[in-house]
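Colleague: Thanks for making time today. Could you walk me through this model, starting wherever you like?

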Amino acid sequence: MTDLYPHPTTATATTDLYPTRGTVETLTPRQDPVVWGPGAGLESYERDGFLAEPGLLTDDEVALYKAELDRLVADPAVRADARSIVEPASQAVRSVFEVHKISQVFARLVRDERVVGRARQILGSDVYVHQSRINVKPGFGASGFYWHSDFETWHAEDGLPRMRTVSVSIALTENHDTNGGLMIMPGSHRTFLGCAGATPRDNYKKSLQMQDAGTPSDEALTRLADAHGIKLFTGRAGSATWFDCNCMHGSGDNITPYPRSNVFIVFNSVENAAQEPFAAPVRRPEFIGARDFTPVR
């Protein structure tokens, strides 16, 4: 096994620094910086791979964005769109992708300097939206998202070459410690876990409901959890969690009466534009992995 706290090296953008989806599971030392820009105030992000902002949005802003989320989920035209993903059992809407293009309200959020400015600081460049979505986790049985590294999928199936991508999850309902909140293994961003098994064609159609390809083994997850522990995020509506693309994270089912909904935005550096997939037969659709690299202004 490789060191869980490696030192970055350099390589060209076309080199596959992070092999995955082979015959065996592998651990690869991180080859990229965590913070690419000025690091003032980002020490905990550098160390842990995430940064919590308890009050990013005001109560009035939360009400605006929550109302827009509810409107989109209730719209039959949105539900029928390929960008909507439904729960396998209940057929309730689980996620709606590309919300910054579907909704002018969420487009404004993406351009909000409190949001895009932080992404530029972390990534050290102009940024574009690689992915955006709203996640809906109603009470009484909404399913979770199994442990995974986003970068593993974005590298394998979307062709992102380097770990120069950051996500922000903004809570639009209160995150209790019981309603399926986000869990991250602090420090796990420093090791890339290459998963075993080939990528099926059109894997996204299944993986967005229930992850299969790109799923870590129980042994690897246990080793990472033993080394790093697990942090559960709670907080009021309007709080935000920024996290590195290679953090091992997931969330449990929500069997409480209390819904958990959030808006999720992925910013990628314009200097890290997607190439061809590194470990998949075809690219995923552009509403999941963008091919428009226009900087956010």
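**A walk through the model**

R21 is buried, with a relative accessible area of 7%.

Colleague: Good start! Where along the chain does R21 sit, and what is its phi?

Modeller: Keep in mind that this is a predicted model. R21 belongs to the segment before β1 (26-29). Most residues other than glycine have a negative phi. R21 has a positive phi, near 65°.

Colleague: Then what about E98: is this residue buried or exposed, and what is its phi?

Modeller: E98 is found in the loop between β4 (93-97) and α4. With 11% relative accessibility, E98 counts as buried, because the cut-off for buried is under 20%. Its phi is positive although E98 is not a glycine, and the value is near 55°.

Colleague: On to helix α2, then. What length does α2 reach from its first C-alpha to its last?

Modeller: Helix α2 covers residues 59-74, which makes 16 residues. At 1.5 Å a residue, the expected value is 22 Å, and the helix comes close to that. From first C-alpha to last, α2 reaches 22 Å.

Colleague: Which residues of α2 are buried, and why do they sit on the same side?

Modeller: The buried ones are V62, Y65, E68, L69 and L72. They share a side of α2 because they cover only a limited arc around the axis, and that arc is 135°.

Colleague: I like how that fits with helix geometry. What is the general reason for such a pattern?

Modeller: Residues three or four places apart in an α-helix point the same way. That is so because of the number of residues a turn, which is 3.6.

Colleague: What covers that buried side of α2, and which exposed residues are on the face turned away?

Modeller: The cover over the buried residues of α2 includes the helices α3 (76-80), α4 (99-102) and α5 (104-111). The strands β5 (127-137) and β13 (260-269) are also part of that cover. On the face turned away from the buried side, the exposed residues are D59, D60 and A74.

Colleague: How about α6: which of its residues are buried, and what covers them?

Modeller: Helix α6 spans residues 113-123, and its buried residues are V115, V116, G117, A119, I122 and L123. Among the elements covering them are α1 (43-48) and α5. The strands in that cover include β5, β7 (165-171), β11 (240-244) and β13.

Colleague: And what comes just after α6?

Modeller: Just after α6 there is a glycine with a positive phi of about 70°. That residue is G124.

Colleague: Let's turn to empty space. How many cavities of 30 Å³ or more are there, and what is the volume of the largest cavity?

Modeller: Searching the whole structure turns up 1 cavity of 30 Å³ or more. Its lining includes E157, the run of residues T199, P200, R201, D202, N203 and Y204, and also A280, P281, V282, R283 and R284. By class, that lining has 5 nonpolar, 2 polar and 5 charged residues. The volume of the largest cavity is about 50 Å³.

Colleague: What about the second largest pocket: which element gives the largest share of its lining?

Modeller: This pocket holds about 270 Å³ of space. Its lining has 20 residues, with H100, K101, V129, T294 and V296 nearest the centre. Two or more lining residues come from each of α4, α5 and β5. The largest share, 5 residues, comes from β5.

Colleague: Which residues does A213 touch, beyond those up to four places away in sequence?

Modeller: A213 lies in the loop between α8 (204-207) and α9 (218-228), and this residue is buried at 10% relative accessible area. Its C-alpha is 7.9 Å from that of C195, which is 18 residues apart along the chain. The residues A213 touches are R21, A198, P200 and N203.

Colleague: One last residue, F287. Which residues is F287 in contact with, leaving aside neighbours within four places in sequence?

Modeller: F287 is in the segment after β13, and its relative accessible area of 14% makes this residue buried. The contacts of F287 are A82, R83, F97, E98 and Y204.

How values were computed:
Residues numbered from 1 in each chain as written. Predicted model: local features only at pLDDT ≥ 70, side-chain atom pairs only at ≥ 80, totals over all residues. Heavy atoms only, no water. Helix = DSSP H or I, 4+ residues; strand = E, 2+ residues; numbered from the N terminus. Expected span 1.5 Å × (residues − 1). Buried < 20%, exposed > 50% of the residue type's maximum accessible area, 1.4 Å probe, protein only. Arc of directions from axis to C-beta. Contact = heavy atoms within 4.5 Å. 1 Å grid on protein atoms, 1.4 Å probe; cavity = no way out; pocket = protein on both sides within 12 Å on 5 of 7 lines; lining within 4 Å. Points joined across faces, edges and corners; volume = space filled by probe spheres on them. Nonpolar A, V, L, I, M, F, W, Y, C, P; charged D, E, K, R; others polar.
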